[in-house]
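Student: I am new to this structure and would like to learn how to read it, one feature at a time. Could we begin with a single residue and work outwards from there?

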Amino acid sequence: MNPIQWATSPWGQRVPIHIAWYLIWVCAIAGLAFLIVHAIWAGFLAKPEEFQETAASPAVIAAIPAEVKRHSLAARLFHWIMAAAMLTLLFTAFAPKLGYQFPWVEYHWIAGLVLIASILFHIIHATFFMDFWSIWPDRIDMEDAKNRALRMVGKPAPRPHRFAKYPFENKMYHLVIVLAGLSVAITGGFMIFRVRTPFLTRNPYLFSDMTWGMMYVLHGLAGVGLIALIMAHIYFALRPEKLAITRGMVVGSITREHYLEEHDPQRWDVTGDASPTRPAGSSAD
């Protein structure tokens with residue numbers, strides 16, 4: 001089965017026009033299979049996480065507040081607005097393909113504009129008002145990921161460090177969602193020129209048929225990929241061991257107990273007294 005739909009242009013050129021819609025089910029089933037496998041592994045096979053002992057002094061630990069700020073109000077608003085826009089985009093894009101017919105185009109491009117605006121805001125906010133590098137994997141993350149993999153298969157390896165502000169899996173998910181989200185947003189931004197809106201003059205001849213076709217294919221592939229990604233995101237947000245992180249995205253903070261259990265004060269300083277001996281690649285936002 002060809003994953004891409006093809007057509008012949010008025011000039012006799014064979015051009016792609018979109019993805020094959022069975023990929024909706026492929027991604028949904030793949031996402032569901034991942035959730036089932038992970039739930040079985042986490043429930044019956046996974047061993048409790050063991051960390052290296054923190055080198056933070058008793059004075060630093062005593063200075064940690066009862067509620068540790070994790071996300072500002074602006075960051076939380078971005079997250080929930082982006083989430084609402086993405087869910088609306090997925091519903092309006094794929095529900096008609098599954099047989100639920102309604103005038104979806106207007107809702108889709110409006111949600112698309114909201115997503116583009118929220119991403120632009122986040123880029124500016126993260127670059128100039130947050131610690132930009134705190135969400136990207138560093139050397140310690142990569143070493144710890146290797147050691148975790150070795151320990152998982154029973155081979156000897158050092159215990160991993162406690163996390164910086166964001167655990168390694170959060171950082172990797174962020175990287176993947178950035179790629180998928182930017183693919184959807186950039187291609188969708190150009191595709192708005194193909195529909196009538198109050199903001200732009202419709203111009204379906206902005207690109208060639210081949211370029212438009214490849215743009216629709218990339219837009220569709222990123223879209224169906226987001227189905228599995230969002231399924232995984234919701235699943236992990238609701239897992240009992242991740243509820244403290246989910247709480248942080250709702251109220252903006254995590255408890256002192258969770259911070260000390262999962263995070264290293266030397267890699268994520270929350271006292272305002274950053275240590276000059278913090279390991280390379282650490283963050284202090």
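Tutor: Let us begin with R256, which lies in helix α9, and keep in mind throughout that this is a predicted model.

Student: Is R256 buried, partly exposed or exposed?

Tutor: The general idea is that a residue is called buried under 20% relative accessible area and exposed over 50%, with partly exposed in between. R256 has a relative accessibility of 24%, so R256 counts as partly exposed. Its place in the fold can also be read from a contact, for R256 and P65 are 191 residues apart in sequence, whereas their C-alpha atoms are 6.4 Å apart in space.

Student: What about P240, and where is P240 found?

Tutor: P240 is found in the loop between α7 and α8. With a relative accessible area of 63%, P240 is exposed. From its C-alpha to that of L35 the distance in space is 14 Å, and the two are 205 residues apart in sequence.

Student: How should I picture the chain as a whole, and how many helices and strands does the chain have?

Tutor: The chain has nine helices and four strands, and reading along the sequence one meets them in the pattern β-β-α-α-β-α-α-α-α-α-α-β-α. The C-alpha trace spans about 75 × 40 × 30 Å along its principal axes. Of the 285 residues in the chain, buried residues make up 38%.

Student: How many salt bridges does a search of the whole structure find, and how do I recognise one?

Tutor: The general idea is to look for a side-chain nitrogen of Lys or Arg within 4 Å of a carboxyl oxygen of Asp or Glu. A search of the whole structure finds ten salt bridges. In one of them the side chains of R159 and E50 meet, at 3.9 Å from N to O. This pair links distant parts of the chain, with R159 in the loop between α5 (139-152) and α6, and E50 in the loop between α1 (23-45) and α2 (58-62), 109 residues apart. The C-alpha atoms of E50 and R159 are separated by 6.3 Å. R159 is partly exposed, with a relative accessible area of 39%, and E50 is also partly exposed, at 36%.

Student: Which residue meets D138 in a salt bridge, and are the two buried or exposed?

Tutor: The side chains of D138 and R267 meet in a salt bridge, with 3.3 Å from N to O. Because D138 lies in the loop between α4 and α5 and R267 in the segment after α9 (256-262), the pair ties together parts that are 129 residues apart in sequence. Both D138 and R267 are buried.

Student: With which residue does K242 form a salt bridge?

Tutor: K242 forms a salt bridge with E169, and their closest N and O atoms are 3.1 Å apart. K242 lies in the loop between α7 and α8 (243-251) and E169 in helix α6, so this pair ties together parts that are 73 residues apart in sequence. E169 counts as partly exposed, at 37% relative accessibility. Salt bridges can also share partners, and in this way D138, D141, K171 and R267 are joined into one network.

Student: Which residues form the nonpolar patch on the surface?

Tutor: The patch is formed by L32, I36, I40, W41, F44, L45, M152 and V153, which together have about 880 Å² of accessible area. The largest share of the patch, six residues, comes from α1. As one example, L32 lies in helix α1 and is partly exposed, with a relative accessible area of 46%.

Student: Finally, how much space lies in the second largest pocket, and which residues lie nearest its centre?

Tutor: About 970 Å³ of space lies in the second largest pocket. The pocket is lined by 45 residues, of which H18, W104, M191, Y216 and H219 lie nearest its centre. Elements that each supply at least two residues of the lining are β1 (4-8), β2 (14-19), α3 (73-94), α4 (105-128), α6 (168-191) and α7 (209-238), and the largest share, eight residues, comes from α7. By class, the lining has 28 nonpolar, 13 polar and four charged residues.

Note on methods:
Residues are numbered from 1 along each chain as its sequence is written. This is a predicted model: local features need pLDDT of at least 70, side-chain atom pairs count only at pLDDT 80 or more; totals for chains, interfaces and linings use all residues. Side-chain values use heavy atoms; hydrogens and water are left out. On a 1 Å grid over the protein atoms alone, a cavity is a set of points where a 1.4 Å probe fits but cannot get out, and a pocket is an open set with protein on both sides within 12 Å along at least five of seven lines; lining residues have an atom within 4 Å of a point. Grid points are joined across faces, edges and corners, and a volume is the space filled by probe spheres set on the points. Ala, Val, Leu, Ile, Met, Phe, Trp, Tyr, Cys and Pro count as nonpolar, Asp, Glu, Lys and Arg as charged, and the others, Gly among them, as polar. Buried means under 20% relative accessible area, exposed over 50%, partly exposed in between (1.4 Å probe, protein chains only). Patches are made of residues with over 30% relative accessible area and no salt bridge: like charges are joined within 9 Å, nonpolar side chains (Val, Leu, Ile, Met, Phe, Trp, Tyr) within 5 Å. Accessible areas come from the Shrake-Rupley method with a 1.4 Å probe; for residues, only the protein chains shown count as cover.
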